[in-house]
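Please open the structure in your viewer and keep the selection tool at hand. The tour below goes from one selection to the next and says what is found at each stop.

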Amino acid sequence: MKDILSLFFAYARSGLKSRFQYKVDAIVVIFAVFLREAGGVIAMYLALQKFGTINDWSIDELLFLFSLIFITYGIFIVFFMALRDFPDWIKHGDFDRVLLRPRGVLTQLVLCGADWLAAFGHGTLGILLLIISANRVGVEWNVKTVLYYLMCVIGGVLIQGAVFLAFSAITFYVLETNSLKEIFYWNMRKFAIYPLSIYNKFIQAILIFVVPFAFVNYFPAQFFLQKPDMASYPTWFMYITPIVGIVLYALAYAFWRFSLRFYKSTGN
Amino acid sequence: MIVMKELSKTFPDNVTAVKNISLHIAPGESVGLIGANGAGKTTLIKLICGMCKPTSGYLRVFGEDPLRRSKNSPPIGLVSGAVITDGYNYHYGHASAVLQDDIELSLNLEIVGNIYRIPKTLRLRRTDDLTKAFGLNDLLHYRVNQLSLGQRMKAELAAVLLLAPKLLILDEPFIGVDAASRQTMRNMLRSLAAKNDTTVILTTHNVLEAEQICSRILLLDSGTLAYNGSIDRLKRSHIGLNRVRASFDDMPPDLGDMPVARYTAENTCMTIEYDVSNISSRDLSGYLIKGSRLSDIIIEKPTVEQIIREIYKEEQNGNDDKC
């Protein structure tokens, strides 16, 4: 464990160093990421000025919902960037280098890939939204809620990690998965910024069972907000985000291991 | 160290890159893997490294199946040379570079040490030795993408030697490298091979380079092992023709019934090709000196490259016959 931590810190140091080589540029990039994402928030804010609420969710509640997306993504991208860009790793042969080293294949990928600039951009925005909204929607912070919030964040990171891990495993078979990611990750993420209950059954099913973004932000937010639209879903959905994260990640990992064997047996 | 029995690898598109190769490489041996592009060199290396699975046959590296390499398996050092795609850009062969482009060399070496669990003191000592040997001392604080290709390849080799690997595989390490750096790398490899402590596999299509470093040559030809043995034996078994270039003060002599293969004479110069098993160089040159006014004489031995070209030719002719 200590061993893995020291490797992570060595990579983190190198990653930060290379990203902040040109400091002004790095800060501009972080700011640009921040603004790009904040644009979505502002658009939502302006729309809410007109409508007042969406499905009984006020603007502050929506911001709370939104903040979970940014916070989990900010952490997610510290660990899973290599999987986000995995097709390139295969095409450029970088992946073979990983295979040769005396460390777990996935350990290396998770530790070495960190998009620090995106992490800072998304992370700051997420934390900012959380600070603004949490008070106004009346979240009571105590040991229990803080702990559950943190577990939900970890669960949300694992859910997204599992999705990318599964896509990476698919890469072994088809080499190019960027359009899959576009449809099943980035588009679903756009849906997830609004309450699940506003969508039709089909999209809800996808968000709950296929790419379970609902467990990244909607159900954990319901735990804190207790909105009436939660009545359409089993109550226990509010409590299982950490479990969904772990189970999904374990399944994705099994699929990854299986596919890795396939990769070796075919060669590329 | 490495044992292969009837090893084959066929890709899903039905290309058989490695066909029925059986061979044994002893610990500490240095072997040159030679073959044209597409001869199966890279696939063979991938199989040895456990990056892909053989279709059939037996393969053991360090006594273990390379596909089942564990965290405790002895490290394999792999250096891949650059493939230049156009005038300026280059990328690396199948397993790309050890070093990360956008950070300093020193931090790179630290990460390599970390990944391979090399204790810090040992890492620092080796880094010190290696950077001295490769003349990289002043470059430690440069980012890798600021290095020239020659410097970079030296750094790659140094980074891999940091692991003190028992098996070192070099895939075309000299491509695009300037003469001085090439010399440094070659010297390093030669002394490494001489110590008989590290098994070295050098892939190249430059036979001369292989000859300087390796004691044995493996010649791959479309996936099969066309030759496996020492360079000396290669020379002896496929003796090419020696060649004498002689110039004279006046007319070249008449060779009469000397058992030479062929000769050409032009003005006062003469080129003679002969097989040393028919006539020794001493007898031939003695005849030339005695019989006429010799002004200059050069005797050339056949180069390994010529011999290999002939072997390939034989193979190809053989194949043509079958068709």
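The stops that follow lead from the whole of one chain to a single strand, and then to the place where two chains touch.

This is a predicted model, in which local features need pLDDT of at least 70 and side-chain atom pairs count only at pLDDT 80 or more, while totals for chains, interfaces and linings use all residues. Residues are numbered from 1 along each chain as its sequence is written, and chains are lettered from A and ligands numbered from 1 in the order in which they are written.

**Chain B as a whole.** Select chain B, whose secondary structure comes to nine helices and 15 strands (DSSP runs numbered from the N terminus, with H or I over at least four residues for a helix and E over at least two for a strand). The chain is divided into domain 1 (2-236) and domain 2 (241-301), with bounds that come from an automatic or database domain assignment, and 44 Å separate the centres of these two domains of chain B, taken over C-alpha atoms.

**Confidence.** Colour chain B by pLDDT, the predictor's confidence in each residue from 0 to 100; the mean is 84, and 88% of the residues of chain B reach 70 or more. Confidence in chain B is highest in strand β4 (residues 56-61), at a mean of 95, and lowest in strand β7 (residues 90-92), at 47. Where pLDDT is low, the predicted coordinates should not be read in detail.

**Strand β9 of chain B.** Now select residues 199-204 of chain B: six of the six residues of this strand are buried, so β9(B) is largely enclosed by the rest of the structure (a residue is buried if 20 or more other C-beta atoms, placed from the backbone, lie within 10 Å of its own). On one side lie Thr199(B), Ile201(B) and Thr203(B), and on the other Val200(B), Leu202(B) and Thr204(B).

Add strand β3 (residues 30-34) of chain B, which runs parallel to β9(B) and is joined to it by five bridges; here Ser30(B) stands opposite Val200(B). Strand β8 (residues 167-171) of chain B is also parallel to β9(B), with five bridges, and Leu167(B) stands opposite Thr199(B).

**Where the chains touch.** Finally, show both chains: 24 residues of chain A are in contact with 30 residues of chain B (C-beta atoms, placed from the backbone, within 7 Å). On the chain A side, the largest share, nine residues, comes from α1(A).

Key
Contact = placed C-beta atoms within 7 Å. Buried ≥ 20, exposed ≤ 12 C-beta atoms within 10 Å, placed from the backbone. Pairing = 2+ DSSP bridges.
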